[in-house]
Amino acid sequence: MIPLNVNARAVTVEAAPDTPLLWVLREHLGLTGTKYGCGVAACGACTVHLDGEAVRSCAIAVGDVGGRAVTTIEGLPGGAEHPLVRAWVAVQTPQCGYCQTGQIMQAATLLARSPRPSREEILDHMQGNLCRCATYNQVVDAIQHAAREA
Amino acid sequence: MSTGTTLTRRGVLAGGLAFTFAFTAGESATAQPGTGALNAYVAIAPDGTITIQAPVPEMGQGTNTALPLIVAEELDADWTKVRIETAPVRAAYDSPIFRSQFVVASLSVRGYWMPLRMAGAQARRVLLDAVAARWGVPVEQLSTEPSTVLHAASGRRMSYGEVARFARAPATLPEITPAALKPISAFRLIGRDVARFDVPAKALGQTMFAMDVRLPGMLHATVARSPRLGARPLSHNGAALLQRPGITHVLPLDQGVAILGERVEAVLAARRALSVQWSPGEGATHDSEAALASYLQDVRDATKPGVQVLRSGEPEQALAGAARVHSAEFTTDYVYHGQMEPLTCVASVTEAGAEIWAGTQWPSLVRDEAARILGIPAERVTVHMLTMGGGFGRRAAIDYAVEAVHVARAVGRPVKVMATREDDVANAHVRPMTAHRIEVGLDAAGRITAWRHRLASDLVVPQLYGRARLEAQRGVDHIVTYHANVAHYDVPATLTQHLYREHGVRTAPWRGIGAGPNAFAVEAVVDDLARQSQTDPLAYRLALLRDARARAVVEAVGAMADWNRPRSGTHLGIGFAKLGLPQLGEALAATVAEVTVDATAGTLRVLRLWCAADVGLVVQPRNAMRQIESSLLWGVSSALTERLTIRDGAVQQGNFTDYEMLRAPETPEVQLRLVGGGEVPLPVAELGLGTVAPAISNAVLAATGKRLAALPFTPDRVRAALAG
């Protein structure tokens with residue numbers, strides 16, 4: 001049994017310690033907003049926060065998480081009212097939508113340290129998050145929208 | 001449920017694809033009292049909530065909003081009261097173009113345009129007839145405002161919700177003819193942006209993709225797919241893997257080996273430990289580099305006529321008599337779809353039938369194939385059309401759904417069959433690589449007298465539609481040869497020939513299909529000719545374009561890009577492309593790319609794209625522009641980095657680490673303008689793609705005088721071309 005702190009809730013899961021955090025979140029805890037895209041930390045669809053830092057949950061063994069706070073899209077403060085979620089809706093960013101939760105989790109850590117990011121700063125920060133529909137310009141617009149609204 | 005409204009289609013596909021629809025008496029969809037159903041598409045509840053069925057699945061293209069909006073327009077619905085359901089898989093929801101629920105070729109809005117208008121108008125008519133009977137007035141005296149019926153003479157009004165309390169669809173639904181539809185000038189919804197219904201759930205991670213389906217008792221599975229068509233598993237180490245905790249089954253399939261277990265992580269670990277010996281299958285020695293060289297030999301060998309795809313005038317005669325012949329060759333490599341959700345399907349097979357949860361572009365075929373495999377009537381197969389984590393043509397093939405049905409039947413439990421990304425790449429259904437040779441005859445004054453385009457590639461049609469379809473088309477693979485012509489340019493004699501070889505490579509439609517490679521070759525040659533005649537490339541196109549719509553997009557993009565303004569350190573190139581079928585209407589686009597060239601590193605950077613597009617009548621302007629932008633950026637991605645190679649019959653790439661797609665930092669700024677208009681919506685979602693590679697190559701030509709003729713423009717190729 002592995003104890004975890006997920007979305008401000010203490011849980012225990014029965015998983016081998018080398019199980020990627022991604023599958024623990026999705027399959028053991030039913031938090032399917034975090035997506036599997038590549039399994040090798042190359043696409044960013046599985047991005048979650050560990051103690052507020054964006055990480056690829058496919059590349060972190062659940063046994064290595066320890067007491068750090070895990071935050072998934074389901075635990076983003078405010079839910080639909082979170083500034084980034086509101087901005088994603090206002091800008092209408094999604095095409096297929098599969099990567100967008102990872103994009104939002106990645107974006108959140110940028111706004112935490114750079115309240116008015118430039119286009120270049122945003123594109124650089126989002127480098128590890130693939131969007132095959134190529135909504136990158138709308139990701140920029142949405143992050144800047146959220147920055148303005150915040 | 002009864003079968004609902006029947007669309008009778010006269011002259012569809014036959015008779016020159018003329019769209020003449022009439023909504024006629026089908027069985028009423030309201031056999032069950034209290035459902036509020038007025039026909040197959042519309043149901044209205046007493047509280048005024050209007051439920052509209054979206055007939056095709058969503059993969060990001062926005063049809064789950066745009067198609068119901070067309071119904072709502074003719075129904076005169078209050079859009080704030082509309083909720084949308086994804087339709088079941090049933091003939092009532094077939095596209096008249098494909099006679100199937102099938103999402104390809106950017107034809108959903110085009111295909112459903114008239115049926116959905118008819119459906120909305122018919123539902124409105126049912127409401128009006130009910131009110132006319134209740135008030136004892138002629139139906140002609142009634143009119144509507146959004147979700148309200150009016151009788152102007154008496155000033156009476158009744159909301160749709162109130163009408164729904166007593167209105168019942170008659171056993172024979174009223175027939176609607178096109179004359180009963182709204183004039184375009186009266187549209188309240190079409191042409192004005194609304195928020196897409198799918199966006200909030202996507203931003204919150206609440207959208208149900210096939211990957212997210214969980215059923216009681218469900219097993220997880222993944223399949224090691226044979227490396228090429230026809231290769232079968234001869235032996236494997238599955239017996240050892242079955243000893244692992246949590247692994248329940250190892251099943252040899254026709255062209256793969258499935259591993260099943262209670263937990264996905266155990267299945268994935270076992271997959272890494274699985275080894276399979278395969279029979280050779282087709283193309284066991286296929287080597288993409290060698291094959292591309294053979295394609296070039298084919299297009300050069302004039303003794304090989306190939307399949308004639310298009311012909312006008314007397315091209316051979318004109319070429320033989322030309323004062324000068326310009327010829328050029330181009331190649332494109334295999335490309336992979338890279339949809340973000342690895343292919344996944346959930347299936348459950350019981351005595352009662354089969355239930356399938358899939359993100360698929362062709363739900364009707366999934367249903368029919370499942371029925372055929374299981375030997376049961378199609379009515380006993382339920383297909384849930386889930387949102388796709390990207391489609392782009394890959395999900396027009398249904399291999400992964402077929403496998404899920406086989407596996408679920410074999411184990412008698414619900415199963416989720418999920419590809420690893422590595423297996424998704426290894427089982428790529430590629431856009432065929434291509435070689436092109438274009439020969440242009442010119443007279444003494446430099447005018448074009450003939451244009452011959454010889455194209456060599458693998459085939460897509462036999463794998464998507466079956467070999468009989470290819471034969472019925474006299475060998476013409478319309479997917480690979482899409483837009484391999486210069487129909488909009490003033491060329492008196494043209495010939496397109498396709499030389500194909502089959503290598504056992506799995507192929508599928510890929511966004512824009514043949515239009516991408518073909519427009520690359522055609523538009524590069526147009527720039528070559530402009531350069532030879534010392535004419536500005538944009539002016540040269542305007543001089544050569546007959547079609548007023550085509551001229552308008554070229555002129556518009558020139559203005560947007562400020563084409564004639566000198567730049568310092570950056571270079572402009574232009575590309576023009578069309579998308580669609582002549583019988584249904586073609587969308588047009590022209591794009592200017594602003595590019596920097598680092599000759600030492602061999603790297604190109606696309607800073608900006610301007611695109612002017614004519615997509616006919618626009619249902620949702622913002623979404624249409626987003627679709628075009630996405631297709632433009634696919635153009636950038638496939639021009640700069642995307643390359644899949646095959647050696648010894650197997651894909652050489654393994655993941656997004658070595659199959660490189662566009663990432664955020666390389667994204668150009670995009671400016672778009674919709675120009676033109678019309679009476680019907682034209683294809684949108686693939687339109688920009690074909691314009692980009694030629695625009696980039698033409699910008700490099702303008703900068704250096706050297707032609708980049710092989711897609712993608714990788715640094716080694718750029719360095720070689722610039723040194724040549």
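In the next few minutes I will walk through the contact between two chains, a hairpin, an open sheet and one helix. Please keep in mind throughout that what we are looking at is a predicted model.

Let me start with where chain A and chain B meet, a contact that takes 42 residues from chain A and 46 residues from chain B. On the side of chain A that touches chain B, the elements giving two or more residues are the helices H1 (21-28), H2 (83-91), H3 (100-113), H4 (119-125) and H5 (136-149) of chain A. The residues on that side of chain A divide into 24 nonpolar, 14 polar and four charged.

Turning to the interior, the largest nonpolar core has 284 residues, and the members that touch the most others are B:Val42, B:Ile356, B:Ala404, B:Ala613 and B:Ile696. Helix H2 (residues 108-135) of chain B gives this core its largest share, 14 residues. If we leave aside neighbours within four places in sequence, B:Val42 is in contact with several residues, including B:Ile50, B:Ile52, B:Val71 and B:Leu75.

That brings us to the strands in this region, where E3 (residues 42-44) and E4 of chain B pair in the antiparallel sense over three bridges, with B:Ala43 having B:Thr51 as its bridge partner in E4(B). These two strands form a hairpin with five residues between them, and B:Gly48 in the turn has a positive phi of about 95 degrees. E4(B) also pairs with strand E5 (residues 82-86) of chain B, here in the parallel sense and over five bridges, and B:Thr51 stands opposite B:Arg83 in E5(B). Because four of the five residues of strand E4 (residues 50-54) of chain B are buried, E4(B) is largely enclosed by the rest of the structure.

Further along chain B there is an open sheet of six strands with mixed pairing, in the order E14-E22-E21-E20-E15-E29. Strands E14 (307-312) and E29 (710-711) of chain B stand at the edges with a single partner strand each, so one side of each is left without a neighbour in the sheet. E29(B) pairs with strand E15 (residues 324-332) of chain B in the parallel sense over two bridges, and B:Thr331 stands opposite B:Ala710 there. Helix H7 (residues 288-300) of chain B lies across E15, E20, E21 and E22 of chain B, running at about 25 degrees to E20(B).

I will finish with helix H18 (residues 689-704) of chain B, whose 16 residues should span 22 Å at 1.5 Å a residue, which agrees with the 24 Å between its end C-alpha atoms. H18(B) is mostly covered, with 13 of its 16 residues buried, and B:Gly705, which follows H18(B), has a positive phi near 75 degrees.

Key: Residues are numbered from 1 along each chain as its sequence is written. Chains are lettered from A and ligands numbered from 1 in the order in which they are written. This is a predicted model: local features need pLDDT of at least 70, side-chain atom pairs count only at pLDDT 80 or more; totals for chains, interfaces and linings use all residues. The expected span of a helix is 1.5 Å times one less than its number of residues. A residue is buried if 20 or more other C-beta atoms lie within 10 Å of its own, exposed if 12 or fewer, and partly exposed in between; C-beta atoms are placed from the backbone. Two strands pair if DSSP finds at least two bridges between them. Two residues are in contact if their C-beta atoms, placed from the backbone, lie within 7 Å. Axes are lines fitted to C-alpha atoms, for helices over the stretch in contact, and angles run from 0 to 180 degrees between N-to-C directions. Ala, Val, Leu, Ile, Met, Phe, Trp, Tyr, Cys and Pro count as nonpolar, Asp, Glu, Lys and Arg as charged, and the others, Gly among them, as polar. A nonpolar core is a set of buried Ala, Val, Leu, Ile, Met, Phe, Trp, Tyr and Cys residues joined through C-beta atoms within 7 Å.
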